[in-house]
Amino acid sequence: MTNIILRGCNGKMGQVIADIVEADDDAVIVAGIDVSQNRVAKFPVYQSFQKCNVKADVIIDFSAPVNVEEMLDFAKSQGIGIVLCTTGLSKEQLAIIDEASREIPIFRSANMSMGINLITKLVQEATYILADAGYDIEIVERHHNKKVDAPSGTALALADAINQVLNNEYEYKFDRSADRVARSKKEIGISAVRGGTIVGEHEVIFAGTDEVIEIKHTAYSKAVFAKGAVQAAKFLPGKPAGMYRMSDMMD
Ligand SMILES: NC(=O)c1ccc[n+]([C@@H]2O[C@H](COP(=O)([O-])OP(=O)(O)OC[C@H]3O[C@@H](n4cnc5c(N)ncnc54)[C@H](O)[C@@H]3O)[C@@H](O)[C@H]2O)c1
Ligand SMILES: O=C(O)C1=N[C@H](C(=O)O)CCC1
């Protein structure tokens, strides 16, 4: 049985995770952490880790990029791992998280769906062939109108995966409105669309002379992310300290 503390339990993803775990015989949510106390859960909910003394095997985090230190301190004090799904983390926060992964196992992925893990590999393969052939690379992501961070963590992760193939020589271009110049070869354009209830779409465009290749992933429900996070929560307990990715679990 995997005992889970769910940070962000009263949010949209938190509620989907709670439903999925309730139907799972091998996992249970033993506590929730949420600054908002807007609903009644089937487990105790605390406003912060400081107020929580519940023992668990792992934390799942779908919240906001604030007070990350508090969560890391709690996990270190209990010697448990974190499945970190929150996006929009700053460089400084990412550095603190990397540091903590020397003491505890941390599974961080901006996108817990299996499909994004797969298309990341396809996109890297395509980049390897097409960048040298002069194709321009652009990423377009689309999400619901409640999403606060832009571009999405997944778009940034896809850009990083592409740039890794390109020896990290390409720059990210988030906005062209201030420029009156043609696009440079060594850039990856990243555009964010927000509207309605779009769950999550990521499209990588390779635009060449007279032809375009597009690799796209569409999530039709938040359950694809939640299932991956619960799977990661079962995978992590007992693992040595370190940083884990979707590929570690899939492989
Ligand atoms: N990795 C993935 O696959 C994936 C998938 C979907 C969403 N996300 C990310 O997960 C996060 C949450 O998404 P959402 O749609 O559920 O958002 P949401 O706004 O609906 O929910 C966030 C919840 O976190 C709570 N919260 C905010 N600050 C907190 C804090 N300091 N401590 C505890 N709780 C806090 C809020 O009160 C809210 O209930 C976002 O960063 C989003 O980008 C990641
Ligand atoms: O709904 C969200 O918010 C999502 N955020 C992740 C991101 O920023 O990449 C993954 C998709 C859904």
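A backbone N or O atom of Gly153 sits 2.9 Å from an oxygen atom of ligand 2, which makes a handy way into this predicted model. Polar contacts here are pairs of N or O atoms within 3.5 Å; within protein, one atom must be able to donate a hydrogen and the other to accept it, and residues adjacent in sequence count only if both atoms are side-chain atoms. Two side chains also reach oxygen atoms of ligand 2 with an N or O atom: Lys147 at 2.7 Å and Thr154 at 2.4 Å. Taken alone, ligand 2 exposes 320 Å², and the protein buries 86% of that (accessible areas by the Shrake-Rupley method with a 1.4 Å probe; for residues, only the protein chains shown count as cover).

As for the ground rules, residues are numbered from 1 along each chain as its sequence is written, while chains are lettered from A and ligands numbered from 1 in the order in which they are written. The model being predicted, local features need pLDDT of at least 70 and side-chain atom pairs count only at pLDDT 80 or more, whereas totals for chains, interfaces and linings use all residues; side-chain values use heavy atoms, with hydrogens and water left out.

The residues around ligand 2 include Thr87, Asn111, His143, His144, Asp149, Ser152 and Phe225, where a residue belongs if one of its heavy atoms lies within 4 Å of the molecule. By class, this shell has three nonpolar, seven polar and two charged residues (Ala, Val, Leu, Ile, Met, Phe, Trp, Tyr, Cys and Pro count as nonpolar, Asp, Glu, Lys and Arg as charged, and the others, Gly among them, as polar).

Ligand 1 has 24 residues around it, the closest being Lys12, Met13, Asp34, Thr87 and Met112. Side-chain N or O atoms come up to oxygen atoms of ligand 1 at 2.6 Å for Asp34, 2.5 Å for Thr87 and 2.9 Å for Lys147. On its own, ligand 1 exposes 870 Å², of which the protein buries 83%. The shell around ligand 1 has ten nonpolar, nine polar and five charged residues. Lys147 thus turns up with both ligands, its side chain 2.7 Å from an oxygen atom of ligand 2 and 2.9 Å from one of ligand 1.

Now for the sheets. Helices (H or I, at least four residues) and strands (E, at least two) are DSSP runs, numbered from the N terminus, and two strands pair if DSSP finds at least two bridges between them. One open sheet has seven strands in the order S3-S2-S1-S4-S5-S6-S12, with parallel pairing. Strand S3 (45-46) and strand S12 (242-244) are at the edges with a single partner strand each, so one side of each has no neighbour in the sheet. Strands S1 (residues 2-7) and S2 (residues 27-33) run parallel, joined by six bridges, with Asn3 opposite Val28 in S2. Helix H1 (residues 12-22) packs on this sheet, touching S1, S2 and strand S4 (58-61), and its direction makes about 150 degrees with that of S2. Contact means heavy atoms within 4.5 Å; axes are lines fitted to C-alpha atoms, for helices over the stretch in contact, and angles run from 0 to 180 degrees between N-to-C directions.

The other open sheet has five strands, ordered S8-S9-S7-S10-S11, and its pairing is mixed. Its edge strands, S8 (171-173) and S11 (212-219), each pair on one side only. From one strand to the next, the twist averages 20 degrees. S7 and strand S10 (residues 200-207) are antiparallel over seven bridges, and Asp136 stands opposite Ala207 in S10. Helix H4 (residues 114-130) lies across S7, S10 and S11, at about 170 degrees to S11.

Glu138 lies in strand S7 (residues 136-143). Its side chain makes a polar contact of 2.5 Å with the side chain of Arg176. Leaving out residues up to four places away in sequence, Glu138 touches several others, among them Arg183, Gly189 and Glu203.

Two backbone oddities round things off. Most residues other than glycine have a negative phi, and most peptide bonds are trans. The bond from Ala150 to Pro151, though, is cis, with omega near -5 degrees, and Pro151 lies in the loop between S7 and helix H5 (153-165). Asn67, not a glycine, has a positive phi of about 50 degrees; Asn67 lies in the loop between S4 and helix H2 (68-78).
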